[in-house]
Structures are given as C-alpha cells and as structure tokens.
Amino acid sequence: MVRAMQRPRIAVIGAGYWGQNLVRNLGQLEHLGAVCDASPEVRQRMGRAWPGVPVTDDLDAVLGDPDIAGVMIAVPAAQHHEVARRALLAGKHTYVEKPLALTVPDGQDLVRLADERGLALMVGHLLLYHPCTEWLKAAIDRGDLGQVLYLTSQRVNLGKVRTDENAMWSLAPHDVSMALHLVGQAPVSVAAQGLTYLQPRAGIEDVVFLTLRFAGGQAAHVHVSWLDPHKRRQLTVVGTRKMVTFDDMEPAEKIRVFDKGVDGVAPGEAQPYESYGDLLTLRDGDILIPQIKMREPLRALCQHFVQVAAGQTAPRTDGRDGLAVLQVLAAAQRSLELGGAPVALAPDEAAA
C-alpha cells in the first residue's frame with residue numbers, strides 16, 4: 001500500500017477534453033505531481049500552463065515514480081480498464097473517470113485487484129459531490145419528501161458527438177449514479193430504447209431513454225441525448241409528501257421544493273372508491289428555494305481524492321459504486337440490443 005503522506009503528489013493520466021480540468025484543480029490545490037498524455041499538442045499546452053510539473057507520454061515512468069501517491073485517469077473509456085489495472089499493479093491509489101470500465105468482468109477485475117493490493121479505487125461520479133445532490137440526499141434521508149416514488153432526469157444538449165460510445169455510455173452514468181444514490185439501492189430491472197440518426201452505419205445511439213425499476217416500487221426514468229436544441233441538466237424527485245427539482249443550468253436557485261402531493265391513499269394500497277374525488281385530495285402548497293452554499297463539484301472531488309491518496313479517508317464513490325453503475329449500464333445495453341425489452345439484474349448485481 002502507498003504510505004500515508006501529508007501532501008501527496010497526484011498524476012493525471014490523460015489531459016485532453018476533460019482531463020485538463022483535473023489538471024487545473026490539482027494544480028491550484030498544489031498537489032499536481034505529473035501529467036501524462038499521448039498527444040504532443042496536449043503535452044506542449046500542459047508544459048506551458050504548469051512549468052515545473054513533469055509532463056510526459058511515458059506512463060511507465062509516471063507509475064514507477066515512488067513520489068506519486070495516486071493517479072487520476074481521464075483517458076478514453078475503452079482504455080479505463082487497462083490503464084487503471086496498470087496503476088493498481090504499480091501500487092497507486094487510483095481514480096477513474098466514469099464509467100469504471102466498459103464490461104462488468106473488467107470492472108470486477110479492478111475492484112478485486114484494489115482489494116487485494118489494499119489500494120483505494122475511486123470512480124468519477126461527479127454529481128454526487130455537487131452541493132445540491134448532497135442537500136437532496138440529506139432531505140430524503142430525513143424523510144422530508146416522504147417516501148420517494150420516482151425520479152426523472154434529463155441530460156441533453158446539442159454537443160460533443162462521440163464515435164466510440166453511444167449517448168447512454170457517455171452521459172447516463174451521471175444520472176444512474178444519482179438514482180442509485182438517492183434511492184439507496186440498485187434496480188431489479190432496466191429497460192432502454194435508443195435512436196440512431198447521425199451514425200446509422202455504426203449503430204451509435206444519439207438518443208436513449210432508460211427506465212430503472214427498484215424492489216421497493218420506486219422507478220427512475222433517464223433521458224440522454226447529444227442531439228437536442230436545449231441544454232438541460234435537470235432532475236425531479238417525487239415523494240409522497242413533497243417534490244423537488246434540481247436544475248443545474250440555473251445560475252443560483254438550483255433546488256426548488258414543492259409542497260405538493262395527493263393525500264388520502266398510501267402508495268400501493270387498494271383504492272376502495274368509485275370516483276376520483278371520494279378519498280383523494282390534491283395538495284398544492286408553497287414552493288421553497290433553500291439557500292445552498294455552492295462550490296465547484298470537481299474541486300470537491302479532487303480535494304477528496306487527495307485525502308484518499310494521503311490515507312486520510314476512504315473514497316465516497318469507490319469501485320463498488322462504480323461497478324453498480326456499470327452493471328446497470330451493461331443491462332441497459334442488452335435492453336437496447338433487444339429493442340427495449342426489460343433486462344433483470346441478477347440478485348448479486350441488484351445488491352451491489
């Protein structure tokens with residue numbers, strides 16, 4: 001195991017489109033130990049931005065540096081398993097951008113290897129470090145919303161079309177991780193339907209709709225697309241007492257709590273009445289906008305991984321969390337290939 005240290009040095013593997021943000025945060029936190037990237041242009045840009053920080057394309061040299069306590073991996077998803085495995089074998093605490101891997105066996109391999117080596121494996125479920133998600137989870141756990149019935153989320157935009165993965169693998173890990181976190185369990189089944197418009201020959205879905213069903217009767221519906229005129233990052237949680245919207249595109253008032261619901265019959269109970277108004281009463285109360293202190297979620301995530309690499313804490317989003325999300329995505333991919341038929345998760349998967 002890497003020894004605990006007061007100021008661990010962290011290397012970033014892959015400093016392109018997203019990895020440069022990890023570099024920025026670690027650099028500002030004064031924990032950036034090295035940058036590794038295959039692109040000469042990226043290396044040149046990183047060298048100019050962070051003079052004095054080693055910048056290289058030699059992964060073995062970075063992993064062999066005894067002063068590097070941990071690595072943050074932001075290479076293409078198809079390389080996550082290979083690079084993370086090499087990092088764990090080199091004895092480094094390892095952070096992997098979402099998804100953990102592209103197959104369940106590869107994800108299981110990384111979790112097993114980290115356990116065997118006594119190393120931390122952390123996955124980049126960024127929105128779980130968002131102050132609004134933290135506020136929402138605390139409200140659910142306190143029972144403020146009553147029993148959670150269902151969640152709906154949208155993550156759509158006209159932007160970054162990928163050629164190596166569909167919109168579900170690119171975007172949905174955020175929403176799936178939030179659904180599992182807020183409901184507090186893995187689903188028992190997943191159904192997904194996708195539409196292919198821009199790359200029909202490659203069969204890469206641009207638009208995907210997922211439905212997750214949970215053992216307690218809860219459901220989550222996720223809509224992701226990179227072919228949409230709107231840029232939306234929105235989550236709605238409906239409870240028996242209250243409902244909440246989390247709109248991450250709002251500059252300030254991101255959370256709204258609606259004191260709305262239907263009183264009269266508990267969820268799942270038989271309804272012994274003939275007309276709608278016999279027992280049910282619509283409740284339309286106040287709208288509350290709570291004051292939530294904002295911070296950059298990625299800064300919070302990077303600070304947390306620094307603490308993990310220093311041996312001060314265990315990762316909040318560890319390899320098993322990443323594996324649970326990966327199992328849902330793998331089941332959803334099978335559903336896509338079956339034309340939207342529901343796919344059950346095995347009991348060990350649902351309990352992951």
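Contact, as used in the first exercise, means heavy atoms within 4.5 Å. The model is predicted.

**Exercise 1. Determine how far helix 1 is enclosed, and identify what covers its buried residues.**

Solution. Begin with the extent of the element: helix 1 runs over residues 19–28, and seven of its ten residues are buried, so helix 1 is largely enclosed by the rest of the structure. The cut-off behind this step is that a buried residue has under 20% relative accessible area. Next, name the residues: Gly 19, Asn 21, Leu 22, Val 23, Asn 25, Leu 26 and Gly 27 are the buried ones in helix 1. Then turn to the cover, which includes strand 1 (9–13), strand 2 (32–36), strand 4 (68–73) and strand 5 (93–97), together with helix 2 (40–49) and helix 8 (297–309). Finally, follow the backbone onward: just after helix 1, Glu 30 adopts a positive phi of about 65°.

**Exercise 2. Reconstruct the parallel sheet, giving its strand order and the residues that fix the register of its pairs.**

Solution. The order is 3-2-1-4-5-6, which makes an open sheet of six strands with parallel pairing. At the edges stand strand 3 (55–56) and strand 6 (121–124), each with a single partner strand, so one side of each lacks a neighbour in the sheet. Now work through the pairs around strand 1, four of whose five residues are buried. Strand 1 is joined to strand 2 by four bridges, and in this pairing Ala 11 has Ala 34 of strand 2 as its bridge partner. With strand 4, strand 1 pairs in the parallel sense over five bridges, where Arg 9 is matched with Ile 68 of strand 4. At the strand 6 edge, strands 5 and 6 are parallel and share four bridges, and the bridge partner of Glu 97 is Gly 124 in strand 6.

**Exercise 3. Place strand 12 between its antiparallel partners and decide whether it is largely enclosed or not.**

Solution. Take first the partner that precedes it: strand 11 (residues 227–239) pairs with strand 12 in the antiparallel sense over five bridges, and the hairpin that joins them passes through three residues. In this pairing, Val 238 lies opposite Met 243 of strand 12. Take next strand 13 (residues 255–263), which is antiparallel to strand 12 over four bridges, with Phe 246 opposite Ile 255 in strand 13. The last step is burial: strand 12 covers residues 243–247, and because four of these five residues are buried, it is largely enclosed by the rest of the structure.

**Exercise 4. List the residues of the nonpolar surface patch and classify Leu 195 by its exposure.**

Solution. The patch of about 620 Å² is made by Leu 158, Val 161, Leu 195, Tyr 197, Leu 198, Phe 209 and Leu 227. Of these, Leu 195 belongs to strand 8 (residues 189–195). Its relative accessible area is 36%, which makes Leu 195 partly exposed.

**Exercise 5. Judge whether the chain as a whole is as compact as a globular protein of its length.**

Solution. The chain holds ten helices and 15 strands. Its radius of gyration is 22 Å, close to the 20 Å that the globule rule gives for 352 residues, so the chain is as compact as a globular protein of that length. Its C-alpha trace spans about 75 × 45 × 40 Å along the principal axes. As for burial, 52% of the 352 residues count as buried. The accessible surface comes to about 16,200 Å², and 50% of that belongs to carbon and sulfur atoms.

Conventions: Residues numbered from 1 in each chain as written. Predicted model: local features only at pLDDT ≥ 70, side-chain atom pairs only at ≥ 80, totals over all residues. Heavy atoms only, no water. Buried < 20%, exposed > 50% of the residue type's maximum accessible area, 1.4 Å probe, protein only. Helix = DSSP H or I, 4+ residues; strand = E, 2+ residues; numbered from the N terminus. Pairing = 2+ DSSP bridges. Patch = residues over 30% accessible without salt bridge, like charges linked within 9 Å, V, L, I, M, F, W, Y side chains within 5 Å. Areas by Shrake-Rupley, 256 points an atom, 1.4 Å probe, with all protein chains shown as cover. Salt bridge = Lys/Arg side-chain N within 4 Å of Asp/Glu carboxyl O. Rg over C-alpha atoms; globule rule 2.2 N^0.38 Å.
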